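Trainee: I'd like to practise justifying the words we use for a model. Could we go through some together?
Mentor: Gladly, let's put it up first.

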Amino acid sequence: MNFKSGEQVIIIKGQSRGKKGKILQVFPKKNLVVVEGVNERTRHIRNRRGRDKGQKVSFFAPLNVANVMLFCSKCNKPRRNKIFVSTDGKKQKVCVKCNSVFGI
Ligand SMILES: [Zn+2]
């Protein structure tokens, strides 16, 4: 699993291909990510014995990580990343092509 919440990604497969968004949640064991604004679903909640009102709740359904790629805002393209370790030992994800740091 290569993603963390808060990172900017683009969808490269499926019906929401080309959509960009921020990662809200990751499920490393299931290889799923939830991306803001992508794969929106509606859940219908029924009225139960008059206690609650029936209502529609929209939420973002998880996507498989295989359909998602990090997005480089400098290249304006989906890019693979590499890990760059700076002199003080801090690890950062950078773009393979332009070496700019992801997630800004
Ligand atoms: Zn780049």
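Mentor: What follows is a short round of questions on the terms used for this predicted model.

Trainee: Why is Cys95 called buried?
Mentor: Buried means under 20% relative accessible area. Cys95 has 0%, so the word applies.

Trainee: And why is Cys98 called partly exposed?
Mentor: The value for Cys98 is 24%. Partly exposed lies between the 20% limit for buried and the 50% limit for exposed, so Cys98 belongs there.

Trainee: What makes Cys72, Cys75, Cys95 and Cys98 donors of the zinc ion?
Mentor: Their SG atoms lie 2.1 to 2.3 Å from the zinc ion. The cut-off is within 2.8 Å, so these sulfur atoms count as donors. Along the chain, the donors follow the spacing C-x2-C-x19-C-x2-C.

Trainee: How do you know that the site of the zinc ion is tetrahedral?
Mentor: The angles among its 4 donor atoms are 105 to 116 degrees. Four donors count as tetrahedral if all angles lie between 85 and 135 degrees, so the site qualifies.

Trainee: What makes E1 and E7 a pair of strands?
Mentor: At least two bridges are needed, and E1 (residues 8-11) and E7 (residues 68-72) have 3, in the antiparallel sense. Within E7, Val68 is the bridge partner of Ile11.

Trainee: How do you know that E7 and E8 pair as well?
Mentor: E7 and E8 (residues 77-78) share 2 antiparallel bridges, so the requirement of at least two is met. Phe71 stands opposite Pro78 in E8. The two strands form a hairpin with 4 residues between them, and Asn76 in the turn has a positive phi of about 60 degrees.

Technical notes: Residues are numbered from 1 along each chain as its sequence is written. This is a predicted model: local features need pLDDT of at least 70, side-chain atom pairs count only at pLDDT 80 or more; totals for chains, interfaces and linings use all residues. Side-chain values use heavy atoms; hydrogens and water are left out. Buried means under 20% relative accessible area, exposed over 50%, partly exposed in between (1.4 Å probe, protein chains only). Donors are N, O and S atoms within 2.8 Å of the metal (3.2 Å for Na, K and Ca); water is not among the atoms, so sites may look incomplete. Four donors count as tetrahedral if all angles lie between 85 and 135 degrees; four count as square planar and six as octahedral if opposite donors are over 155 degrees apart and all others between 65 and 115; anything else is irregular.
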